[in-house]
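Got your viewer open? Let's walk through a few spots, one selection at a time.

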Amino acid sequence: MTCVSQFRWTSAACTDVGRVRTRNEDACLAMPDRGIWAVADGMGGHAVGDFASRAIVQALSALPEPDSLEGAAESARQAMQTVNQLLIEEALRMKVRVIGSTVVMLLACERRCCCLWAGDSRLYLFRDGHLKQLSRDHSQVERLKARGLITADEAKHHPAHNTITRAVGAASTLDLERLTLEIGDGDVFLLCSDGLSNEVEDDQIAALLAPEGTGPATAAEALLKLALENGGRDNVSVVVIRAEDIGGGSDMTLLNPEV
């Protein structure tokens, strides 16, 4: 028995090298018929960053049909552990310090979805006119913010702004964080690399997701365009996902995050 969603999903993905970089080390995935979406932001340079992000997307696109949300999450975890080991071995073979990538993914089944992530690529939820960042950045500045050592404004310009603390390929054990969410009618999810979140403020993101009748493709293209207009100093990847309830009401409850 396969996992059947009680929502009609529409989505769009787009990625761009940006205005400064010469190589796009981002990769994204949108498979609404399978209930899986992802963004990966590779690192390492010299063509290995895009190898890492592509390896993640390829592994996720090859996941078996799940029979439950838990089954989908476990398959995704196992796939990322396999990619983690692959990247470690490839770094040794190429004699480079690290070949790695962030990952943020959304998996949907029946009336729930879950997010798994490592790094600072993000998941946002736009619901009832409000935008909320659901994922928590695995970064040095996020640690400093959590300890009250710097403010959110100071974090934007901190020297360690781009220093992440988790990534696929960065350590022998991959620690993916997870949260589970009840889906609501009209929910709009946004997955993105930091090439978007570093260039576009939350209120600007919300404004582009808010207009009635705006489809995922229009919103994704507008977000990417704004990131480029605001500087485009990094690769930019955007996946916009909309849920339309075809089976009745939902409790719309955010369940406890898991690490």
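Select residues 177–182, which form strand 8, and look at both of its faces. E177, L179 and L181 sit on one side, R178, T180 and E182 on the other, and every one of these is buried (buried means under 20% relative accessible area, exposed over 50%, partly exposed in between, using a 1.4 Å probe and protein chains only). In a regular strand, side chains alternate between the two faces of the sheet. Strands here are DSSP runs of E with at least two residues, numbered from the N terminus.

A quick word on what you're viewing: this is a predicted model, where local features need pLDDT of at least 70 and side-chain atom pairs count only at pLDDT 80 or more, while totals for chains, interfaces and linings use all residues. Residues are numbered from 1 along each chain as its sequence is written, and side-chain values use heavy atoms, leaving out hydrogens and water.

Next, add residues 112–118. That's strand 5, which pairs with strand 8 in the antiparallel sense over six bridges (two strands pair if DSSP finds at least two bridges between them). Zoom in on C115 and you'll find L179 of strand 8 standing opposite.

Now for the cysteines. How many disulfides does a search of the whole structure find? Just one, and to see it, pick C3 and C109, joined S to S at 1.5 Å (a disulfide is a pair of cysteine sulfur atoms within 2.5 Å). C3 lies in the segment before strand 1 (7–16) and C109 in strand 4 (residues 100–109), so the pair ties together parts 106 residues apart in sequence. C3 is buried at 16% relative accessible area, and C109 is buried too, at 4%.

Try C28 next: this cysteine is in no disulfide, and the nearest cysteine sulfur, that of C14, is 7.1 Å away. C28 is partly exposed, with a relative accessible area of 21%. C113 is in no disulfide either, its nearest cysteine sulfur being that of C114, 7.3 Å away. With a relative accessible area of 1%, C113 is buried.

Last stop: S121, in the loop between strand 5 and strand 6 (122–127). Is S121 buried or exposed? At 0% relative accessibility, S121 is buried. Show everything in contact with S121, meaning heavy atoms within 4.5 Å: leaving aside residues up to four places away in sequence, S121 touches V39, D41, T102, V104, S135, C192 and S193. Among them, T102 makes a side-chain to side-chain polar contact with S121 at 2.7 Å (a pair of N or O atoms within 3.5 Å; within protein, one must be able to donate a hydrogen and the other to accept it, and residues adjacent in sequence count only if both atoms are side-chain atoms).

Note on methods. Helix = DSSP H or I, 4+ residues; strand = E, 2+ residues; numbered from the N terminus.
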